[in-house]
Structure formats: C-alpha cells, structure tokens
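Here is a friendly walk through a protein chain for someone meeting it for the first time. Take a look at the sequence and the model, then read on.

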Amino acid sequence: MMIAGGDALAQAAGGGMVGAPQPWGMGLQPSGGPIKDAISSFNTLVFWIIVAITIFVFLLLVYVVVKFRADVNPNPSRTSHNTLLEVAWTVIPVLILVVIAIPSFRLIYYQDRAIDADLTINVQGRQWYWHYGYPDNGNFTFDSYPVQTADLQPGQIRNLDVDNPLVIPVGATVRILTTGQDVIHSFFVPSLGVQKYTIPGRTMETWMRADRPGTFYGQCNQICGVNHWFMPIVVRAVPAAEFTAWAEQAKTRFAEGLPPGPVPALAGAPVAPTLNAGAPASLNVAEARR
C-alpha cells in the first residue's frame, strides 16, 4: 500500500477520520488508536537514530578525504590494530542496538494480545475475501468482498472499499483471533497498527482499538495468490450505542443471507448494493454471490 501523510487525519467519511493511502503521501498513515501511536513513536526514534548515524558517517568521510588526501599526506601511516578504535566501533553499535531493541520488544509484546478485551472478533482469510465472526454478539458471521470498479458508489475508494465492512465500537479493546482457510493471508490495517497472519490450522491473537469514529482501510499484504492485490479490509469505528444497533440488525439480516444495511453513524456514506431480496432465506452471503 502507499503510505499516507499526517495531514490526512481530518478527512471525513460520515463524520469520522479516514485511515487510507494518500497521493504523494510521506511518512506513516495517521493514527486511529493506541497501537499506531506506539508504532509512530518507535518509528520516530529509529528515524532520528538513522539521521544521526548518517550525519556522523558523512562527516567522517569528509574528514578522511580532506585530512588524508595524497597531496597533504604523501607518506601514509602503516599503523594497524588501534585498540581504542576497535573497542569503540564494537561497543557503540551494540549500545545503539540496545537502545533500539528495548522499545522494539516492548512494542511487540504490547501488540501481542489484549488484556481484558471488551469484544472478540474472529477473522478468517480466504482466497480472496475476508470472513468475520462476532461470537460475543450472537455468533453471527459474514463475508467481506471487494467492491468491483464497475460497482463503485460516489465516495468509495477503488480497490480498497468492500461490501460489508468490519464494524467495531469506538474506545473498545477488540481481541482479534485470526486463522486461514486455504493459504497464508495477512490482516493488515495500517492506521490502527494491526498486522497478523491468518494461517490454516492455527489460531493467532492480536488486538486493536479505535479512539475516534472513522473508516480505516487495509489490505492483505501477504502474497496469497493471483488476487492477492485485491483483498481489501475496511474497519468502521462507530459509537457504542450505534454498534449495538448495527449488531442486532446484522444478527438477523446475515442469518437470512442479506447484508446488514448501513452503519447508523455512517448513514450519509455510500451504501453497498444489497442482494436480491428474493433469494432463499437459507442461502448465505457467499452462496448468493456465486
């Protein structure tokens, strides 16, 4: 995915922020939650360490070129095995790596799993769409397919929008349990700081939290087959009361093989086309699309 500029934070989609790539974007995508805040802080730390090392090496090269050029130093020194220099260029890189490693490991463990999660969502990667389940809200499940270019509605993003987004309540700690149906996929939402493989035969855990309402876009970033590039993810964060209303509606409509309708907080956003109302009630969403 392209990376988005920090100025994109205020973009609106039904009143919320948008976490998505921006043309000519620089830096990381804007943060929608605490995990991405931590990633951005760590990225800034490593960036300035790299800047300092680059400046030091450049100045050292300039010094060597000027000080030891042939016309001012016709008889070069043959001194070797300078103990002080050898200790310095061994110890200093080790100290730099320690400075990077400590916050790096802290971040890895912070991302690892949720403590006292408010909600659990099952995520299954399939060739080439996503299958979501809400065991804490009636155990309903649904499929999330990319919106084809010919079916895009005004305001939808080509190759990133889906028919049924993953909906979460704002401020809730959401446990994500991932698995794969066929091959390895990757559940990746940059603006929420979430990336986890979905591996067949294994269940892996991570978590996310959106601190503000909005729409957060992602994609599978694991090469999983011919349609790897066209496996988008959309996470919509809405206030808790509107999430509860959506979940109650979705529990009934998905059981009938129908999409859940628009998220209340995003009623002004484009609505994905519904399936044929005449489809048999026993048909699930995936079957109705075949």
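What follows is a short tour, from the whole chain down to single residues.

## The big picture

First things first: this is a predicted model. The chain has 290 residues, and 40% of them are buried. If you count its secondary structure elements, you get 4 helices and 11 strands.

How much of the surface comes from carbon and sulfur atoms? The chain exposes about 15,900 Å², and those atoms supply 62% of that area. As for the contacts with a separation of 6 or more, 62% of them link residues that sit 24 or more positions apart.

## A five-stranded open sheet

Let's start with a sheet. Five strands line up in the order β4-β3-β2-β6-β9, making an open sheet with mixed pairing. At its edges are β4 (140-144) and β9 (204-208), each of which pairs on one side only. Going from one strand to the next, the twist averages 25 degrees.

Now zoom in on one of the pairings. Strand β2 (residues 119-126) runs parallel to strand β6 (residues 174-180), and 7 bridges connect the two. One residue to look for is Thr-120, whose bridge partner in β6 is Arg-175. In general, strands of a sheet pair through backbone hydrogen bonds, either parallel or antiparallel.

## Asp-136, in a loop beside the sheet strands

Between β3 (129-134) and β4 there is a loop, and Asp-136 lies in it. Is this residue buried, partly exposed or exposed? With a relative accessibility of 47%, Asp-136 counts as partly exposed, because that label covers values from 20% to 50%.

Setting aside neighbours within four places in sequence, Asp-136 is in contact with Leu-119 and Thr-120. You can also find Asp-118 from here: its C-alpha atom is 9.2 Å from that of Asp-136, though the two residues are 18 apart along the chain.

## β10, a strand tucked inside

Where does β10 sit relative to the rest of the structure? Strand β10 covers residues 214-219, and 6 of its 6 residues are buried, so the rest of the structure largely encloses it. Both of its faces are covered: on one side you have Gly-214, Phe-216 and Gly-218, on the other Thr-215, Tyr-217 and Gln-219, and all of these are buried. As a rule, side chains in a regular strand alternate between the two faces of the sheet.

Which strands pair with β10? Strand β1 (residues 17-19) runs parallel to β10 and is joined to it by 3 bridges. In that pairing, Gly-19 has Phe-216 as its bridge partner. Strand β11 (residues 232-238) runs antiparallel to β10, with 6 bridges between them. Here Gln-219 is partnered with Pro-232.

## Salt bridges

Side chains of opposite charge can pair when their charged atoms come close. The structure holds 7 salt bridges. One of them joins the side chains of Arg-69 and Asp-71, at 2.9 Å from N to O. Arg-69 is partly exposed, with a relative accessible area of 37%, whereas Asp-71 is exposed at 60%.

Glu-205 is worth a stop too. This residue forms a salt bridge with Arg-113, where the closest N and O atoms are 3.5 Å apart. Glu-205 lies in strand β9 and Arg-113 in the loop between α2 (83-112) and β2, so the pair ties together parts that are 92 residues apart in sequence. Glu-205 also forms a salt bridge with Arg-175, with 3.4 Å between the closest N and O atoms. Arg-175 belongs to strand β6, so this pair ties together parts 30 residues apart in sequence. Glu-205 counts as buried at 17% relative accessibility, while Arg-113 is partly exposed at 48% and Arg-175 is partly exposed at 23%. Add Asp-112, and you have a network of salt bridges linking Asp-112, Arg-113, Arg-175 and Glu-205.

## A nonpolar patch on the surface

The last stop is on the outside. Ile-53, Phe-56, Val-57, Leu-60, Leu-61, Tyr-63, Val-64 and Phe-68 form a nonpolar surface patch, and together they have about 770 Å² of accessible area.

Take Phe-56 as an example from that patch. Phe-56 is located in helix α1 (residues 34-67), and its relative accessible area of 55% makes it exposed.

Methods:
Residues are numbered from 1 along each chain as its sequence is written. This is a predicted model: local features need pLDDT of at least 70, side-chain atom pairs count only at pLDDT 80 or more; totals for chains, interfaces and linings use all residues. Side-chain values use heavy atoms; hydrogens and water are left out. Patches are made of residues with over 30% relative accessible area and no salt bridge: like charges are joined within 9 Å, nonpolar side chains (Val, Leu, Ile, Met, Phe, Trp, Tyr) within 5 Å. Accessible areas come from the Shrake-Rupley method with a 1.4 Å probe; for residues, only the protein chains shown count as cover. A salt bridge is a side-chain nitrogen of Lys or Arg within 4 Å of a carboxyl oxygen of Asp or Glu. Buried means under 20% relative accessible area, exposed over 50%, partly exposed in between (1.4 Å probe, protein chains only). Two strands pair if DSSP finds at least two bridges between them. Axes are lines fitted to C-alpha atoms, for helices over the stretch in contact, and angles run from 0 to 180 degrees between N-to-C directions. Contact means heavy atoms within 4.5 Å.
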